[in-house]
Amino acid sequence: MGWPRLGARNAQYVPMLPHLLTILQVEDTRSDAVLTAAALTAGEIPHVIHVVNDGKKAVAFLQHGAGYADSPRPDLILLDLGLPGLSGQEVLRFIKGDAILQTIPVVVFTTVDTDVSQQMAYKLHANSYVVKPMDLPAFTHIIQSIAAYWSEISSMMPRRLQPV
């Protein structure tokens, strides 16, 4: 996204470079994690993605627990609901109940397509609920759209103001 240069005789588009989007994907299905990484790379969205495969590891990552002492604060969390250890709803409850983590956008990205699950996710303050498509082109499009929205369209909390 960019703005025309002010004062120029012929307004020109000046692109703004999106910052490197740091994503935490909480996903227990390896093929979905691989497809997500491939879709992000194909979309040429500057990113780094960290993947954990269960709810307990997600909490450890976010709390800089054992094995995750140097984990970065993610700009975005892609959260599956059907996780071993802690469920996706329990992870969401933890994130949105923590004063330091609650400002991180959480997109529930799951195959669970029920009204009850969607209501519960929004009640727990998920920022979005997206049902995983079953075909590759749609999956790729949705992942790229999510990343583009959070890196190029939505105003992220400035890193200098984020709690550490």
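Trainee: Which residues does I77 touch, not counting residues up to four places away in sequence?

Mentor: This is a predicted model, and in it I77 is named among the residues with the most contacts inside the largest nonpolar core. Leaving out residues up to four places away in sequence, the residues that I77 touches are L24, V26, L62, I95, I104, P105, V106 and V107.

Trainee: Which helices and strands each supply at least two residues of the largest nonpolar core?

Mentor: The largest nonpolar core has 21 residues, and V26, L62, I77, L79 and L92 are those with the most contacts inside it. The elements that each supply at least two residues of this core are β3 (21-26), α2, β5, α3 (88-97) and β6 (106-110).

Trainee: How many residues does the second, separate core have?

Mentor: The second core is separate from the one just described, and its members include L21, I45, L76 and L78. Its size is 15 residues.

Trainee: What is the phi of E44, and where does E44 lie?

Mentor: Most residues other than glycine have a negative phi. E44 is not a glycine, yet its phi is positive, at about 55°. With a relative accessible area of 68%, E44 is above the 50% cut-off and therefore counts as exposed. As for its place, E44 lies in the loop between α1 (30-42) and β4 (47-52).

Trainee: Is H64 exposed or partly exposed?

Mentor: H64 is found in the loop between α2 (55-62) and β5 (76-79), and it has a positive phi of about 60° although it is not a glycine. Its relative accessibility is 41%, which lies between the 20% and 50% cut-offs, so H64 counts as partly exposed.

Notes
Residues numbered from 1 in each chain as written. Predicted model: local features only at pLDDT ≥ 70, side-chain atom pairs only at ≥ 80, totals over all residues. Heavy atoms only, no water. Helix = DSSP H or I, 4+ residues; strand = E, 2+ residues; numbered from the N terminus. Buried < 20%, exposed > 50% of the residue type's maximum accessible area, 1.4 Å probe, protein only. Core = buried A, V, L, I, M, F, W, Y, C linked by side-chain atoms within 4.5 Å. Contact = heavy atoms within 4.5 Å.
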